[in-house]
Amino acid sequence: MRMLTTSVRPSTDVPGPGVSLPPGIARPAPAAATRTAEDAAVPHDLTVWGAPQYRTSRVLWILEELGLTYTHKAVDIRAGRPEDIAELTALNPRAKIPALQDGSLVLGESAAILIYLADHYGNGTLIPSPRTPARATHDMWMFYCALASSIVGALLIRLRVAVTR
């Protein structure tokens with residue numbers, strides 16, 4: 001189990017007071033830092049499956065930012081032990097990492113996991129409120145970054161294969 005020792009920072013999803021917002025969009029009240037030391041110490045039934053050198057590092061990072069306790073089951077799909085992969089496949093039939101188990105909920109895909117954790121545990125500090133223009137912009141960039149990093153990774157693997165031939 002690991003637990004965060006740093007504080008949660010408030011979100012900066014809305015322009016500062018000197019910047020005007022488009023008509024019809026209200027400036028939300030600043031997010032209150034409602035998490036206390038007692039909140040951070042509350043155990044959560046969170047398990048992360050994956051290896052830090054893959055996209056699992058994104059999930060581990062946000063868990064640390066949120067100060068949540070969790071279990072990290074290190075599974076390397078390419079070089080993992082068969083029993084680890086079998087346990088992961090029982091939860092996530094696609095056997096993709098990272099995977100997050102929160103009680104009975106099992107999620108895959110790092111961007112989906114990040115959004116879920118920020119929404120569910122972030123108290124409005126790491127992600128804009130749902131159904132807002134700021135949230136739509138956030139989600140656009142989240143999915144773009146997830147896709148762009150996948151494309152770059154695939155190109156680097158192809159380049160490495162071509163160079164070794």
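Leaving aside its neighbours within four places in sequence, with which residues is Val48 in contact? In this predicted model, the partners are Thr56, Val59, Leu60, Leu63, Tyr70, Thr71, His72, Lys73, Ala99 and Leu100. Val48 itself lies in strand β1, which covers residues 46-49. The relative accessible area of Val48 is 0%. Val48 therefore counts as buried, since the cut-off for that class is under 20%. One of its contacts, Lys73, is 25 residues away along the chain. The C-alpha atoms of Val48 and Lys73 are nevertheless separated by 6.0 Å. Another contact, Leu100, belongs to β3 and stands opposite Val48.

The chain as a whole can now be set around this residue. It has 165 residues, and 30% of them count as buried. There are 5 helices and 4 strands. From the N terminus on, these elements follow the order α-β-α-β-α-β-β-α-α. Contacts between residues with a separation of 6 or more were also examined. Of these, 58% join residues 24 or more positions apart. The accessible surface of the chain comes to about 10500 Å². Carbon and sulfur atoms account for 63% of that surface.

The sheet comes next. The 4 strands form an open sheet, and their order across it is β2-β1-β3-β4. The pairing in this sheet is mixed. β2 (71-73) and β4 stand at the edges. Each of these two has a single partner strand, so one side of each is left without a neighbour in the sheet. Neighbouring strands are turned by 20° against each other on average, direction ignored.

Two of the pairings can be followed in detail. β1 and β3 pair in the antiparallel sense, over 4 bridges. In this pairing, Val48 stands opposite Leu100 of β3. β3 and β4 also run antiparallel, and 4 bridges join them. Here Leu100 stands opposite Leu107 in β4. Leu100 thus has Val48 opposite it in one pairing and Leu107 opposite it in the other. Asp102 has its bridge partner in β4 too, namely Leu105. β3 and β4 form a hairpin, with 2 residues between them. Gly103 sits in the turn and has a positive phi of about 65°.

Helices pack against the sheet and against one another. α3 (82-91) lies across β1, β2, β3 and β4. This helix runs at about 120° to β1. Helix α2 (residues 56-66) packs with α4 at an angle of about 10°, and their axes are 9 Å apart. That angle makes α2 roughly parallel to α4, because angles under 35 degrees fall in that class. On the α2 side, the contact is made by Arg58, Val59, Ile62, Leu63 and Leu66. On the α4 side, it is made by Ser110, Ile113, Leu114, Leu117, Ala118 and Tyr121. By class, this contact has 9 nonpolar, 1 polar and 1 charged residues. Val59 and Leu63 take part in this helix contact, and both are also among the contacts of Val48.

The loops hold several features of the backbone. Which kind of peptide bond joins Ile97 and Pro98? The bond is cis, with omega at about 5°. Pro98 is placed in the loop between α3 and β3 (99-102).

Positive phi values also occur in residues other than glycine. Glu109 has a phi near 70°. Its place is the loop between β4 (105-108) and α4 (110-121). Is Glu109 buried, partly exposed or exposed? Its relative accessible area is 48%, so Glu109 counts as partly exposed. Arg131 has a phi near 60°, again a positive value in a residue other than glycine. The loop that holds Arg131 runs between α4 and α5 (133-164). The relative accessible area of Arg131 is 80%, so this residue counts as exposed. Val48, in contrast, is buried, with a value of 0%.

Notes:
Residues are numbered from 1 along each chain as its sequence is written. This is a predicted model: local features need pLDDT of at least 70, side-chain atom pairs count only at pLDDT 80 or more; totals for chains, interfaces and linings use all residues. Side-chain values use heavy atoms; hydrogens and water are left out. Buried means under 20% relative accessible area, exposed over 50%, partly exposed in between (1.4 Å probe, protein chains only). Contact means heavy atoms within 4.5 Å. Two strands pair if DSSP finds at least two bridges between them. Axes are lines fitted to C-alpha atoms, for helices over the stretch in contact, and angles run from 0 to 180 degrees between N-to-C directions. Angles under 35 degrees count as roughly parallel, over 145 as roughly antiparallel, 65 to 115 as roughly perpendicular and the rest as oblique. Ala, Val, Leu, Ile, Met, Phe, Trp, Tyr, Cys and Pro count as nonpolar, Asp, Glu, Lys and Arg as charged, and the others, Gly among them, as polar. Accessible areas come from the Shrake-Rupley method with a 1.4 Å probe; for residues, only the protein chains shown count as cover.
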